[in-house]
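Let's take a walk through this fold, one piece at a time. Have the viewer open and follow along.

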Amino acid sequence: MGPQVTYTRWHSLQNVLMDIDTQPAERSAPSSTTTHPVPEPAILTRRRFLRAAAVTGGGLAVIGVAACAGPTPTSGWLAGPALAAGASAGPPASPSASMPHASAAPSVAPSAGPPMDHDANALAVVERFLGGEGAAVEGLGNQPLEPRLVDGVKVFELTIEEMDHRIDAQKDPVQALGFNGTWPGPRLTVIEGDKIRVTFKNNMSESTGIHFHGQRLPNNMDGVPHVTQEPIEPGASFTYEFTARTPGSHMYHSHHNATDQVGRGLLGAFIVEPKDPAQRYDQLYGATQDIIWISNDALGGFTINGRGFPATTPIVANLGDKIVVRFMNEGNMMHPWHLHGVPMRVVARDGFPLGPASFTCDTLGVNPGERWDVVIDCDEPGAWAFHCHILQHAEGQDGMFGMVTALVIQDPAAVVSSSGPVAATSPVAGAARAAGSTALLCQVPTA
Ligand SMILES: [Cu+2]
C-alpha cells in the first residue's frame, strides 16, 4: 500500500473553539480603544465573535476592525444596495445554468429592497465557519478507500448514485450524483506499477462512463462511451482494469453527459504514488498533510470538495509543518487560488514533477482538467485566508461564500510562553497579536 495520509496533526477548528470556550476568563471590560458606548446585547455578540476571531487571528483583521468600529447608521452598507436575489450565493443551483460566472456578479445598482447590514451578515457567515460547519455537515467526500487484494490485483468496487447532497448546513440539499454516495467520491490511492481493477455499478437512471483522467491506459479502458466502450446502462456494471503507469495527482470522473454528471459531483481523486518511496511527498518534502482540493463550479455554486464556504474544511497545521495541497479542477472555468501569509511552491503539474522548473507563487491559476501540486511551508503563524481570487467566486455583499477556506498555522509554543488575555485564548491569536494585529488589540477585552 502507498503511504497513508497522516491525519494525526489535524485538529478540527471545532476543537480549537471548544478549547477557547473552556478558558476561565470571561472578560467584560471593553478595550480602552473603544470610543463609543455599545449596548449590552452588542457586547455579548461581540464577545462571542472575539473568541472566534482570536482563533483566526490576523486573517480576520478586516472583519475585526469593522466590528470594532461599531455600527455606523450612515454606513453605505446599512443603507446601501441590496443584492439581487441569490447574488451572493454564487451561481444558480441548477447545473443547467450556462453562465454561472456572470450570474454570480453582485448587483451594484441601488435597490429599493430592505436595508442590509453587511457587517452582521459577513460576521455571521464567518462565525458559522469558525463553529465547524464543515465538520458538522454529513456526507464528507474524499475519504480513502482501501482496495481488496485479489491475486495481486488491487480491486476497488464503487457505485454511482443519485443522492441529496448538502453544500452547507443551511441551503436546501441539491440533487447530486456521487461515487459510493459522496461528492467527491472516495480517494483512490495506488502505487506506480500496481495492477488495478475498478468496478463501477451504475445505480443511476441514466447511462454513464468513467474516465481515469491523466492515466496512460489501454484504449478500451479509456472510458469514453461510443468511442472506447458502450455506455454503462442503468443497473449495469463496468470494470476498468489497467496497470497504473502514470504517477502523480489524477482524477476519475464521468465522461458521459459530463457537463451535467461531473457538474453534479461524479468526480474523485486518483493518486498514483511513485514507485520510489523517496519520491513521495512525505519523504521528498517532509509533508505532514496531503490535501486533495477538487474545485467545481456548477451545481451548488462554487465549491471545494463539494462544499461552499462556510462549510469548507479549514486546513489546520502547526508552525514548522510542511503540507501538500493537490489542486484539481473539475469545473468549467479557471480558478486562481490565492493563499495569504505564506507562499506556495509549485512542484508538479498534471502529475509530472516540475523538478528544476518548480516555482513559487501566492496565486495559482488552475484551468479545468489541470492538477497542480504545491508545498506550503507553514512558517508564519496566523489564520490565513485561502480562496479563489475571482472575487465573484468568493465574496459578496453578504460576506464570503463559495471558494473560500483558511489555513490556520498554530504555534503551540505561544500558548506556553505567552501571557495576557489574547494569548491565553488561542495560540493563533497570540501569534497574530505578536505580528501586530490591530484587530485583536482592539477587539479582545483586557481582564
Ligand atoms: Cu474561482
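Start with S14 and strand S20 (residues 382–388): these two pair in the antiparallel sense over 3 bridges. One spot to look for is His-338, which stands opposite His-387 in S20. Keep in mind as you click around that this is a predicted model.

S14 itself covers residues 335–339 and has two distinct faces. His-335, Trp-337 and Leu-339 sit on the covered face, while Pro-336 and His-338 are on the uncovered one. S14 also has strand S18 (residues 363–366) as a partner, again antiparallel, with 4 bridges joining the two. There, His-335 has Val-366 of S18 as its bridge partner.

Now zoom out a little. S14, S18 and S20 belong to an open sheet of 5 strands, ordered S12-S23-S20-S14-S18, and the pairing in it is mixed. At the edges are strand S12 (315–318) and S18, each of which pairs on one side only. On average, neighbouring strands of this sheet are turned by 20 degrees against each other, direction ignored. Next to S20 in that order comes strand S23 (residues 404–410), and 6 bridges hold this antiparallel pair together. Here Trp-384 finds its bridge partner in Leu-407 of S23.

That last pair is worth remembering when you turn to the inside of the protein. The largest nonpolar core has 78 residues, and Trp-384 and Leu-407 are among those with the most contacts inside it, along with Phe-270, Trp-293, Ile-323 and Val-325. Helix H6 (residues 118–130) gives the largest share of this core, 6 residues. As a rule, nonpolar side chains in soluble globular proteins tend to be buried together. For a close-up, pick Ile-323: leaving out residues up to four places away in sequence, Ile-323 touches Ala-287, Thr-288, Gln-289, Ile-291, Ile-315, Ala-317, Ile-376 and Cys-378.

Phe-270, another of those core residues, leads us to a second sheet. Phe-270 lies in S9, opposite His-250. Strand S8 (residues 248–254) and strand S9 (residues 267–273) run antiparallel and are joined by 6 bridges. They are part of an open sheet of 4 strands in the order S4-S9-S8-S6, with mixed pairing. Its edge strands are strand S4 (188–191) and strand S6 (210–213), each pairing on one side only. From one strand to the next, the twist averages 20 degrees.

Move on past S9 and you reach Gln-279, in the loop between S9 and helix H9 (281–284). Is Gln-279 buried, exposed or partly exposed? Gln-279 counts as partly exposed because it has 13 C-beta neighbours inside 10 Å. Beyond its neighbours within four places in sequence, Gln-279 is in contact with Pro-274 and Leu-284. Its C-alpha atom is 9.7 Å from that of Pro-353, though the two residues are 74 apart along the chain.

For the whole picture, the protein has 13 helices and 23 strands, and 45% of its 447 residues are buried. Among contacts between residues at least 6 apart in sequence, 76% join residues at least 24 apart.

Finally, how far to trust it? The mean pLDDT is 76, and 66% of the residues reach 70 or more. Over residues 415–431 the pLDDT is below 50, although this stretch has 50 contacts in the model beyond near neighbours in sequence. Residues 438–447 are also below 50, with 40 such contacts. Where pLDDT is low, the predicted coordinates should not be read in detail.

Key: Residues are numbered from 1 along each chain as its sequence is written. This is a predicted model: local features need pLDDT of at least 70, side-chain atom pairs count only at pLDDT 80 or more; totals for chains, interfaces and linings use all residues. A residue is buried if 20 or more other C-beta atoms lie within 10 Å of its own, exposed if 12 or fewer, and partly exposed in between; C-beta atoms are placed from the backbone. Two residues are in contact if their C-beta atoms, placed from the backbone, lie within 7 Å. Two strands pair if DSSP finds at least two bridges between them. Axes are lines fitted to C-alpha atoms, for helices over the stretch in contact, and angles run from 0 to 180 degrees between N-to-C directions. pLDDT is the predictor's confidence in each residue, from 0 to 100. A nonpolar core is a set of buried Ala, Val, Leu, Ile, Met, Phe, Trp, Tyr and Cys residues joined through C-beta atoms within 7 Å.
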